[in-house]
Amino acid sequence: MVTIEEKTANQTIAKLPPKSRVPRVIQTIRSIFTPVSFLKATQQEYGDIFLFESKHFSSQIVLSNVQAIQELLTADSKLFESGSGSKIIQPLVGANSLILLDGDRHLQQRKLLMPPFHGERMRAYGQLICDITNQVTSQWTVGQSFLARPNMQDISLQVILRAVFGLKEGERYQQIKQVLTEMLDTFNSPLSAVLLFFKSLQRDLGPWSPWGKFIRRRQQLDTLIYQEINDRRHQSESQGEDILSLLLSARDENGAAMTDVELRDELMTMLFAGHETTAIALAWALYWIHYLPEVREKLLQELKSIDVANADPTVITQLPYLNAVCSETLRIYPVAFFSLPRILKEPMQFMGYDLPKGMMLSVSIYLTHHRPDVYPEPEQFKPERFLERQFSPYEFLPFGGGNRRCIGAAFALFEMKLVLTNILSHYSLELMDKAPLKPVRRGIVFAPNGGVHLMVKDKYGTGK
Ligand code: HEM
C-alpha cells in the first residue's frame with residue numbers, strides 16, 4: 001500500500017493513509033450522488049484504508065480492512081469521541097440525542113435505552129408487530145400493485161410509535177405519523193439530501209422553500225411530541241412498558257428527571273434511527289425474495305415446517321434460512337453505508353500510521369461487505385453463505401460495532417423476521433419490474449431505487 005507524508009495543521013509530520021488526488025469538490029459531489037462507484041473506485045486505487053478529504057466535511061479515514069476495523073472497535077472507547085462528527089443530523093434529532101452524546105452521558109443514556117430493545121421486553125412486542133402488519137397489508141388487494149418501502153415504513157413507524165412512545169391509536173397518533181413521514185420525505189432524493197450536507201442551504205426562505213418546509217414540519221412534530229410528554233407527565237401511576245414511560249421515570253445520580261427537551265430529542269432519535277432503517281431493510285428483503293424465485297421457494301419450505309399462525313416468535317426468529325436471508329439482505333446493500341465516525345481525542349498510532357488528534361475514522365460497511373476475500377462473488381445475493389460459515393463482527397457489521405453499536409439491532413431483526421413471515425405466509429406477490437435495483441441515497445441512508453414495486457397475485461387465505 002502507498003503511504004504519504006503530510007504536514008498537519010499543527011505542523012508536525014504525520015504519516016497518513018493514501019488519499020485520492022481527485023479534487024476535493026468532485027470527491028464531495030461523488031460521495032453524495034454516486035457513493036457506490038466513488039467508494040469502490042477509491043478503494044481499488046488506494047486500498048482498504050484511505051483518506052477521504054472533502055471540501056465541506058472534515059477529512060476522514062475510511063476503513064474496510066478487517067484487522068483495522070477490529071482494532072478500532074475494540075480499542076478503549078475513551079480514546080474517541082463521536083458526537084461532534086454526527087452534527088449533520090442535529091436538525092432532525094436535537095443536541096441531546098444519544099447519537100450526539102459522548103463520554104459518561106452517552107454511556108448512561110445507552111444503559112437506559114438498551115433493555116427495552118432486548119430479551120423478554122422486546123419479545124413482548126411480537127403480537128403488536130404481527131397485528132400492525134396485518135392491519136397494513138389488509139389494504140392490499142389481489143391484482144393491485146403497491147410500493148414496498150412506504151408500506152414497510154407504515155408498519156415500522158407504527159411499531160415504533162406504539163412500542164417506544166406507548167401511543168394509542170387516535171388523533172395524535174395519526175398526526176405524528178403523517179407529519180413525520182412528510183418530514184423525512186424532505187430528504188427522499190439524492191438532490192434533496194444535499195440540504196442536510198450543506199449548512200449554507202439550510203435557510204428558511206418561507207413555507208415553500210425546502211428548508212422552510214422542513215422547519216415547519218419539525219415544529220408541528222415537536223408540538224405533538226411535547227403534548228404527549230406533557231400528558232404523560234400528568235398521568236397517574238399507570239406507567240406502561242413503553243420507552244417513554246421508562247425515560248419519564250428515570251433519574252440521574254442527583255435525582256433529576258430528564259427535561260422535556262432531552263425527552264423530545266431521545267424520542268426523535270428512536271423515530272429517526274429506528275423506523276426508516278428497518279423499513280428499508282424490509283423493502284430490500286422483499287425485493288430479493290421476489291427477484292430470486294429459488295430464495296422465495298426455500299423460505300416457503302422452511303415456513304411450512306412450523307405452525308406459523310401459532311408459533312412463538314422465538315421459533316420464527318431462529319429459523320436458519322430466514323435468518324440467512326435477513327443477513328444477506330443487510331450485507332449486500334447495508335442501509336447505513338458507514339458507521340458513526342470515531343474522532344481521535346489524542347494522537348494515535350494506528351495500523352502503521354501516525355494519526356493526529358482530531359482525525360476522524362469511519363468504517364465503510366458497504367466496502368467491508370463487498371470484500372471478495374470474505375464474501376466470494378460479493379455482488380451475488382447468496383443467503384447460503386451465512387449457513388456455511390460464521391462471519392466475525394468485523395467482517396459483517398450492518399449495525400456497526402463497539403460502544404456505538406446500534407441499540408436497535410436485535411429489535412430490527414426481530415421485526416424483519418416477523419413481518420416477512422407474516423407477509424409470505426399470507427400473500428403471493430410478484431415483482432413488477434424485473435430490472436436489477438440499486439441503492440440510492442435517502443438522507444444519510446440508502447434505499448432501493450424506486451421503492452420496490454410489487455403486485456399482489458394471490459391471497460393464500462390463511463386467516464385473512
Ligand atoms: C435494519 C435496521 C437498522 C440498521 C441497519 C441500523 C444501523 C445502525 C448503524 C450502522 C449504527 C451506527 C453504529 C456504529 O457506529 O457502530 C446505528 C446506531 C444507532 N441505531 Fe440503528 N439501525 C437499525 C435500526 C435501529 C432501531 C430499530 C433503533 C431503535 C429504535 C436504532 C437506534 C440506533 C441508535 C440510537 C444508534 C446510535 C447508538 C449510539 O450512538 O450509541 N437503530 N444503527
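These questions and replies walk through a predicted model and the reasons behind its labels.

Me: What makes H106 count as one of the residues around the ligand?
Reply: A residue is near a molecule if one of its heavy atoms lies within 4 Å of it. The shell around the ligand holds 29 residues. H106, R110, L340, R342 and C406 come nearest.

Me: How do you know which kinds of residue make up the shell around the ligand?
Reply: Each residue of the shell is put into a class. The shell divides into 16 nonpolar, nine polar and four charged residues.

Me: What makes C406 a donor to the iron atom of the ligand?
Reply: Donors are N, O and S atoms within 2.8 Å of the metal. The SG atom of C406 is 2.3 Å from the iron atom. That value is inside the cut-off, so C406 (SG) is a donor. The iron atom has a single donor from the protein.

Me: Where is C406 found?
Reply: C406 is in the loop between α18 (385-388) and α19 (409-426).

Me: Why is the pair formed by R404 and the ligand called a polar contact?
Reply: A polar contact is a pair of N or O atoms within 3.5 Å. A polar side-chain atom of R404 lies 3.1 Å from an oxygen atom of the ligand. The distance fits the cut-off, so the name applies.

Me: Which backbone atoms lie close enough to the ligand to pass that test?
Reply: A polar backbone atom of L340 is 2.8 Å from an oxygen atom of the ligand. A polar backbone atom of A273 is 3.4 Å from a nitrogen atom of the ligand. Both values are within 3.5 Å, so both pairs are polar contacts.

Me: Which elements give two or more residues to the shell around the ligand?
Reply: They are α5 (103-113) and α13 (260-291). The largest share, seven residues, comes from α13.

Me: How do you know whether the span of α13 agrees with its number of residues?
Reply: The expected span is 1.5 Å times one less than the number of residues. For the 32 residues of α13 that gives 46 Å. The end C-alpha atoms are 46 Å apart, so the two values agree.

Me: What makes α13 "largely enclosed"?
Reply: Buried means under 20% relative accessible area. In α13, 25 of the 32 residues are buried, so the rest of the structure largely encloses this helix.

Me: How does helix α8 do on the span test, and how many of its residues are buried?
Reply: Helix α8 (residues 148-163) has 16 residues and should span 22 Å. Its end C-alpha atoms are 22 Å apart, which agrees. Of the 16 residues, 13 are buried, so α8 is also largely enclosed by the rest of the structure.

Me: Why are β12 and β13 called a pair?
Reply: Two strands pair if there are at least two bridges between them. Four bridges join β12 (residues 439-442) to β13 (residues 445-448), so they pair. The strands run antiparallel. R442 stands opposite V445 in β13. The hairpin has two residues between the strands, and G443 takes a positive phi near 65° there.

Me: What makes β3 and β5 edge strands?
Reply: The open sheet has five strands in the order β3-β4-β10-β7-β5, with mixed pairing. β3 (49-52) and β5 (80-81) each have a single partner strand, so one side of each is left without a neighbour in the sheet.

Me: How do you know that β5 pairs with β7?
Reply: Two bridges join β5 to β7 (residues 342-344). The rule asks for at least two, so the strands pair. They run antiparallel. F80 stands opposite L344 in β7.

Me: Is V452 buried or exposed, and how do you know?
Reply: V452 has a relative accessible area of 1%. That is under 20%, so V452 is buried. V452 is in the loop between β13 and β14 (453-459). Its phi is positive, about 70°, although V452 is not a glycine.

Me: Why is M351 called partly exposed?
Reply: Partly exposed lies between under 20% and over 50%. M351 has a relative accessible area of 25%, so the label fits. M351 sits in the loop between β8 (348-350) and β9 (353-355). It has a positive phi of about 50° although it is not a glycine.

Definitions and conventions:
Residues are numbered from 1 along each chain as its sequence is written. This is a predicted model: local features need pLDDT of at least 70, side-chain atom pairs count only at pLDDT 80 or more; totals for chains, interfaces and linings use all residues. Side-chain values use heavy atoms; hydrogens and water are left out. A polar contact is a pair of N or O atoms within 3.5 Å; within protein, one must be able to donate a hydrogen and the other to accept it, and residues adjacent in sequence count only if both atoms are side-chain atoms. Ala, Val, Leu, Ile, Met, Phe, Trp, Tyr, Cys and Pro count as nonpolar, Asp, Glu, Lys and Arg as charged, and the others, Gly among them, as polar. Donors are N, O and S atoms within 2.8 Å of the metal (3.2 Å for Na, K and Ca); water is not among the atoms, so sites may look incomplete. Buried means under 20% relative accessible area, exposed over 50%, partly exposed in between (1.4 Å probe, protein chains only).
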